[in-house]
Amino acid sequence: MAIKYVDGYRDKGLRKALVEELRKKGIEDEKVLEAMGKVPRHFFFEETFRNQAYKDIAFQIGEGQTISQPYTVAYQTQLLHIHKDDKVLEIGTGSGYQTCILAELGAKVYTIERIEKLHLQAKELLHEIGYKARFFCGDGSKGIANRAPFDKIIVTAGAPTVPDELVKQLNIGGILVIPVGDQKSQKMVTILKTSETDYEKIVLDTFRFVPLLGDKAW
């Protein structure tokens, strides 16, 4: 591990406080909270902005993208009900922080990012800090058909509708979590695939994500 990736007592203390804040805001899954307490979020920030890492806020990472607010990461992850060795597709690698949370929970993560610069940065960072995932660069709105089916799919950008391509790539009994709405705000939607042709849809709270771009989105 590179020397710059040091996780000191102060960082661990701030992370512990963040976990307690998430618990107070309604995150109940203790495994998710434990994972949030283990992944050093400051590794995903430039040194200049390190003091922002453990605030419950989203933060710009360049290319018009953000590292999601910790509450949002925990909220989406909790909805996935991750089990060890679940095959999970993450659409929108971004910084790679959400990827690490999924990996910390024991998932086998396939992650796709349309912006090559972010794809390469996340791939390099996760290698350096010891987290494993399978990285792809391309149009995430279409999923990764040749690696399907997946047990869980998480979309970290707002879509106008639920892409049929993603539902098709779920195993029966699988879960898709995706923000759906316009480009200003979205409702978090959970899809539970009940058969090859049917699924249950649950509409939850309002969030604001960057738009999902691609053939099956904006």
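This passage describes the overall build of the protein, its nonpolar cores, and two elements of its interior, helices α3 and α4.

The model is a predicted one. In it, the chain folds into six helices and nine strands. Its radius of gyration is 16 Å, close to the 17 Å that the globule rule gives for 218 residues, so the protein is as compact as a globular protein of that length. The C-alpha trace spans about 50 × 35 × 35 Å along its principal axes. Of the 218 residues, 49% are buried. Among contacts with a separation of 6 or more, 54% join residues 24 or more positions apart.

Turning to the surface, the protein exposes about 10800 Å², and 50% of this area comes from carbon and sulfur atoms. There are 31 positive and 30 negative charges, and the mean positions of the two sets are 2 Å apart.

The interior offers a good deal to look at. In soluble globular proteins, nonpolar side chains tend to be buried together. Here, the largest nonpolar core has 45 residues, and the members that touch the most others are Leu22, Met36, Phe44, Tyr97, Ile101, Leu102 and Ile129. At least two residues of this core come from each of α1 (9-24), α2 (30-38), α3 (70-80), α4, α5 (116-129) and β7 (170-181). The most generous contributor is α3, which gives six residues to this core. Apart from this core lies another, of 22 residues, including Leu89, Ile91, Leu176 and Leu212.

Helix α3 merits a closer look. Because 11 of its 11 residues are buried, α3 is largely enclosed by the rest of the structure. Its buried residues include the polar-named Thr72, Gln76, Thr77 and Gln78 as well as Val73, Ala74, Leu79 and Leu80. Histidine 81 follows α3 and has a positive phi, near 50°.

Two residues illustrate the surroundings of α4. Leucine 102, one of the best-connected members of the largest core, touches Thr77, Leu80, Ile82, Val88, Glu90, Ala107, Val109 and Ile154, leaving aside residues up to four places away in sequence. Threonine 99 lies in α4, which covers residues 97-104. This threonine is buried, with a relative accessible area of 0%. On the same basis of leaving out residues up to four places away in sequence, threonine 99 touches Glu90, Thr93, Val109, Thr111, Leu126 and Ala133. Glu90 and Val109 thus appear among the contacts of threonine 99 and among those of leucine 102.

Technical notes
Residues are numbered from 1 along each chain as its sequence is written. This is a predicted model: local features need pLDDT of at least 70, side-chain atom pairs count only at pLDDT 80 or more; totals for chains, interfaces and linings use all residues. Side-chain values use heavy atoms; hydrogens and water are left out. Helices (H or I, at least four residues) and strands (E, at least two) are DSSP runs, numbered from the N terminus. The radius of gyration is taken over C-alpha atoms; the globule rule is 2.2 Å times the number of residues to the power 0.38. Buried means under 20% relative accessible area, exposed over 50%, partly exposed in between (1.4 Å probe, protein chains only). Contact means heavy atoms within 4.5 Å. Accessible areas come from the Shrake-Rupley method with a 1.4 Å probe; for residues, only the protein chains shown count as cover. Lys and Arg count as positive and Asp and Glu as negative; His and the chain ends are not counted. The place of a charge is taken as NZ of Lys, CZ of Arg, CG of Asp or CD of Glu. A nonpolar core is a set of buried Ala, Val, Leu, Ile, Met, Phe, Trp, Tyr and Cys residues joined through side-chain atoms within 4.5 Å.
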